[in-house]
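Hi,

Here is the structure I promised to pass on. Have a look at it first, and then read on for what turned up in it.

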Amino acid sequence: MNNYYYIVASLPAIAQDWKFGDITAESIVGEIKERSTPADLAVIDFIESGFADGGLNEDFYRKAISHKLPFIREYYTFDLNVRNAKVRFLNKALGREADKDEIDIDTGEFEDAAAVDSILDGKDILGREKALDDLYWEKLDSMTVHHYFDMDVILAFIFKLHIIDRWHKLDEQRGREMFKKLVDEIIDNKKQI
């Protein structure tokens, strides 16, 4: 028997600008995993392996796109298409072959190709990343429209949690870089005196 009602009811309400406070993404996912069945735990571990360094490789995508769960297949088909669009964009900017370094798996027609291309044409790098994450968030919302207490909602929550965590870490990193720059400027000014 699954605990979907209990798990979903215990999840915090999140939005893209949600702050973790005293908890972490890892601790929330850990709590979900503690309440999951072995079969559901295997699915969560599978998607979590995609967040590990080097986890999103061709082998991973082949497994994801042929996964038994439609949610996993649909999400990772979308994800692969977005990532390949980013590779093509960078290749064009660098004057390289368009398909160099793409993961060559047939995913059919990419319905959001125009939206992704439009985002990538933006001039602000940070704005592009934010817009792409907005597109991922919208995709997850659309995939769970008629789902309330099932595994799809839990998986969408975990993906959204990783989006929030990514921005949280980027903000923290950016803050550290600004602090280091300020300290370096102070040290340089002292040396000139």
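Let me start with a small puzzle: which side chain does Lys 169 meet in a salt bridge? In this predicted model, the partner is Asp 165, with N and O 3.1 Å apart. Lys 169 and Asp 165 both belong to helix α8 and sit 4 residues apart, about one turn of the helix. Their surroundings are worth a look: Lys 169 is partly exposed because its relative accessibility is 44%, whereas Asp 165 has 7% and therefore counts as buried.

Now the overall picture. The protein has 8 helices and 0 strands, so if you colour by element you will see α after α from the N terminus on. Of its 193 residues, 37% count as buried.

More on salt bridges

The structure holds 14 salt bridges. Helix α7 offers one between the side chains of Lys 130 and Asp 134, again at 3.1 Å from N to O. These two residues are also 4 apart in the helix, about one turn. Lys 130 is partly exposed, with a relative accessible area of 33%, and Asp 134 is partly exposed too, at 25%.

Another pair brings together Asp 101 and Arg 96, whose closest N and O atoms are 2.2 Å apart. Asp 101 lies in the loop between α5 and α6 (113–120). Its relative accessibility is 56%, so Asp 101 counts as exposed; Arg 96, at 33%, counts as partly exposed. While you are looking at that loop, check the backbone of Asp 101: its phi is near 70 degrees, a positive value in a residue other than glycine.

Finally, Lys 86, Glu 129, Asp 133 and Arg 166 are linked in a network of salt bridges.

The largest pocket

Arg 166 from that network turns up again here. The largest pocket holds about 540 Å³ of space. It is lined by 23 residues, and those closest to its centre are Phe 51, Leu 56, Arg 83, His 162 and Arg 166. Two or more lining residues come from each of α5 (70–94), α7 (125–143) and α8 (151–192). By class, the lining has 10 nonpolar, 4 polar and 9 charged residues.

The cavity

There is also 1 cavity of 30 Å³ or more, and the largest cavity holds about 30 Å³ of space. Its lining is made up of Asn 3, Tyr 4, Ile 7, Ile 32, Arg 35, Ser 36, Thr 37, Asp 40, Ile 44, Met 151 and Ile 154. The elements that contribute two or more of these residues are α1 (4–10), α3 (38–49) and α8. In terms of class, the cavity lining divides into 6 nonpolar, 3 polar and 2 charged residues.

A patch on the surface

One last thing to find on the outside: Tyr 5, Tyr 148 and Phe 149 form a nonpolar patch on the surface, and together they have about 390 Å² of accessible area. Phe 149 lies in the loop between α7 and α8. Why does Phe 149 count as partly exposed? Its relative accessibility is 38%, and partly exposed covers the range between buried, under 20%, and exposed, over 50%.

Happy browsing, and do write back with any questions.

Best wishes

Notes:
Residues numbered from 1 in each chain as written. Predicted model: local features only at pLDDT ≥ 70, side-chain atom pairs only at ≥ 80, totals over all residues. Heavy atoms only, no water. 1 Å grid on protein atoms, 1.4 Å probe; cavity = no way out; pocket = protein on both sides within 12 Å on 5 of 7 lines; lining within 4 Å. Points joined across faces, edges and corners; volume = space filled by probe spheres on them. Nonpolar A, V, L, I, M, F, W, Y, C, P; charged D, E, K, R; others polar. Patch = residues over 30% accessible without salt bridge, like charges linked within 9 Å, V, L, I, M, F, W, Y side chains within 5 Å. Areas by Shrake-Rupley, 256 points an atom, 1.4 Å probe, with all protein chains shown as cover. Salt bridge = Lys/Arg side-chain N within 4 Å of Asp/Glu carboxyl O. Buried < 20%, exposed > 50% of the residue type's maximum accessible area, 1.4 Å probe, protein only.
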